[in-house]
Amino acid sequence: MAQDALRDPEKWNDAWDAFLKRHRAFPNGPYDYLFQYALKVIQEIPRGLEGTLAGYPGLVRGTCAIQRNITAEALDHFAHDAFEVKWMDAGSEVRGRHILGAMAAVCSKARNLNEARNYCPELSLRRLRLDGKLFLGLLNSVLLEDASFIPSKPIFVPHAGWDAWAAAQSKLNDSEEEKIALAEIMILRTKLICGRGLGHVIQFTMRSFFNKPPPELYVEKHRKPIKKPKDQEKGAPAELVALLGAEAANIQWRDHQAGVKARHSECLARCSYMSCTKTEPPDGSVKFSRCKSCFEKMQRQVLYCSGACQKADWKLRHKAICGKALDFETVSRAVEHPLSAFTSDMRTIGPPIDGYKRSLALTAQVTALNMNPTVDYRLYDAHNAPVDVDLGAGYPQEIFRAGRVYAMTTGNELCVGFIAHYLCLWFLAKAEDGSSHGGITPKMIVAQLAREFELDRLGETVLAVQQMQNEHPLRRPPLLTDAPPELLASLNEDENVKKLCGIVVTLD
Ligand SMILES: [Zn+2]
Ligand SMILES: [Zn+2]
């Protein structure tokens, strides 16, 4: 089936549609059936539970990393290529062509991705093609709030049916196999839709839409399984045969088993330290060393690219599980990598608070600022080229940055007005100095921030802030009027601040 994807995508897709339709007709709903199906593979592959548990952190981590990359890429298209508008204007035929091409390209790369389509009813070509909003919604639902760091948990693709089923399932007193099967299904759904390593339906579609080459496909080198599965040729389960007929069921079943095994070995060829992204080179030139105790006691391959990674992982995580039998609780805790929390605390601008939801353009801005800690704001000139603002060290920069954090975490309109107004003053002062700075005008600044913060009347707010400046005895920019007393004297002497006091922002 995976091979059909490239040869005849339409036919391949029709077969999938028919397959998903059959699932829906199954007595206890498709979710229960697919879950039993995933469970069976774990139970029937030798060391399936152990391998699945050992590979789970790697699967989660890889998914998070790719989710970050896709967010960054999507933000770029939303912010600068008018992706939303172009996509809706494109019409169903064009959209369908890009989506089908992407799905076929992704699913043909690996059997486990082809198999994962089982779990993704939202990847229905017919529906995605007809309603352009569905794809945008799918994309929107998995974007991170800030793409400047790799989170410790992925955003799972929401789906009413799966989510309700998973919630009911998790209330049961599950076996270890059931817990990990459920966790794997949820990750696999996310993995196929927003991808990792081998496949990215969303990323492929976006690249194809903007005429860009598909992402580099890096097929990881798979370690040989430690023990050769002896019942590899065992036939498909009876339910599947009843559903599809013997021939189709066997093809499905082989895809599925190969997929699960690929997943296990794929995770094994990576360095086990959470912060390290190295994998064994495909040409076999370098062999990672493995944890001796884990291998001897549990026949578990825990690989490290270097002594440094092994040492770092030992303290952080591995000590607790080394040479011991794994269970789902321990493995899930291992995924919660303390370093991610550390990295996110180091961010200049934290996540939104009080239920504030950032626009995509603002998420793009926050990401850019967190990735470039010396930049105070990223503006765009008339040609959409980025112009990075550096206000220079000192109190004005400090207070601007504090205002920036407040505005970007709460969306407070007056605060946005303060920082927008200050940026306008700063650019007008630069223009007076004769430095062009991309010809950025107050009107452009206000338009950009209005879009980022989704404030249609930001212009009026900025003018009101200017009025506050006009009424100040020293005509000081309102952003700077609350300076602590010990700073006021130096602020009064500051040449740059004095200059700003003489400028009036207009939006003509
Ligand atoms: Zn490493
Ligand atoms: Zn170990």
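**Chatting through Gln448, a zinc site and a hairpin**

Biologist: Okay, where does Gln448 lie?

Modeller: You'll find Gln448 in helix α22, which covers residues 442-453. Keep in mind that this is a predicted model.

Biologist: Is Gln448 buried or exposed?

Modeller: Buried, because its relative accessible area is 7% and the cut-off for buried is under 20%.

Biologist: And what is Gln448 in contact with, leaving aside its neighbours within four places in sequence?

Modeller: Gln365, Tyr377, Arg378, Leu379 and Tyr380. With Arg378 there is also a polar detail: a polar atom of the Gln448 side chain lies 2.9 Å from the backbone oxygen of Arg378.

Biologist: Let's follow Arg378 then. Which residue in β4 does Arg378 stand opposite?

Modeller: Asp388. In the same pair of strands, Leu379 stands opposite Val387 in β4.

Biologist: How do β3 and β4 run, and how many bridges join them?

Modeller: They run antiparallel, and four bridges join β3 (residues 377-380) to β4 (residues 386-389).

Biologist: What sits between the strands of that hairpin?

Modeller: Five residues, and Asn384 takes a positive phi near 70 degrees in this hairpin.

Biologist: Which residues of β4 are on the covered face, and which on the uncovered one?

Modeller: Val387 and Val389 make up the covered face, while Pro386 and Asp388 are on the uncovered one. In a regular strand, side chains alternate between the two faces of the sheet.

Biologist: New topic: the zinc ion (ligand 2). Which residues are its protein donors?

Modeller: Cys291, Cys294 and Cys322 each give an SG atom, and His318 gives its NE2. These donors lie 1.9 to 2.4 Å from the zinc ion (ligand 2).

Biologist: Why is the arrangement around the zinc ion (ligand 2) called tetrahedral?

Modeller: Because the four donor atoms subtend angles of 102 to 116 degrees, and the rule asks for all angles to lie between 85 and 135 degrees. The ideal angle for four tetrahedral donors is 109.5 degrees.

Biologist: How are the donor residues spaced in sequence?

Modeller: The pattern is C-x2-C-x23-H-x3-C. Cys294 is in helix α15 (residues 292-298) and Cys322 is in the loop between α16 (307-321) and α17 (328-335), so this pair ties together parts that are 28 residues apart in sequence.

Biologist: Are Cys294 and Cys322 buried or exposed?

Modeller: Cys294 counts as buried because its relative accessibility is 0%. Cys322 counts as buried too, at 13% relative accessibility.

Biologist: How many disulfides are there?

Modeller: The count comes to zero. As for two other cysteines, Cys305 is partly exposed, with a relative accessible area of 23%, and Cys501 is buried at 13%.

Biologist: What about Trp314, where is that found?

Modeller: In helix α16. Trp314 counts as partly exposed, because its relative accessibility is 38%.

Biologist: Leaving aside neighbours within four places in sequence, what is Trp314 in contact with?

Modeller: Lys319 and Cys322. That Cys322 is one of the zinc donors we just went through. Trp314 and Tyr273 are 41 residues apart in sequence, and their C-alpha atoms are 8.6 Å apart.

Biologist: Switching again: how many residues of helix α12 are buried?

Modeller: Eight of the nine residues in α12 (residues 201-209), so the helix is mostly covered. Among them are Val201, Ile202, Phe204 and Phe209. Just after α12, Asn211 takes a positive phi of about 60 degrees.

Biologist: And Ser152, where does that lie?

Modeller: In the loop between α9 (132-141) and α10 (160-171). Ser152 counts as partly exposed, at 21% relative accessibility. Its C-alpha atom is separated by 8.2 Å from that of Val60, 92 residues apart along the chain.

Biologist: Last one, the overview. How many helices and strands are in the protein?

Modeller: There are 25 helices and four strands. Of the 508 residues, 52% are buried. Among contacts between residues at least 6 apart in sequence, 74% join residues at least 24 apart.

How values were computed. Residues are numbered from 1 along each chain as its sequence is written. Chains are lettered from A and ligands numbered from 1 in the order in which they are written. This is a predicted model: local features need pLDDT of at least 70, side-chain atom pairs count only at pLDDT 80 or more; totals for chains, interfaces and linings use all residues. Side-chain values use heavy atoms; hydrogens and water are left out. Two strands pair if DSSP finds at least two bridges between them. Helices (H or I, at least four residues) and strands (E, at least two) are DSSP runs, numbered from the N terminus. Buried means under 20% relative accessible area, exposed over 50%, partly exposed in between (1.4 Å probe, protein chains only). Donors are N, O and S atoms within 2.8 Å of the metal (3.2 Å for Na, K and Ca); water is not among the atoms, so sites may look incomplete. Four donors count as tetrahedral if all angles lie between 85 and 135 degrees; four count as square planar and six as octahedral if opposite donors are over 155 degrees apart and all others between 65 and 115; anything else is irregular. A polar contact is a pair of N or O atoms within 3.5 Å; within protein, one must be able to donate a hydrogen and the other to accept it, and residues adjacent in sequence count only if both atoms are side-chain atoms. Contact means heavy atoms within 4.5 Å. A disulfide is a pair of cysteine sulfur atoms within 2.5 Å.
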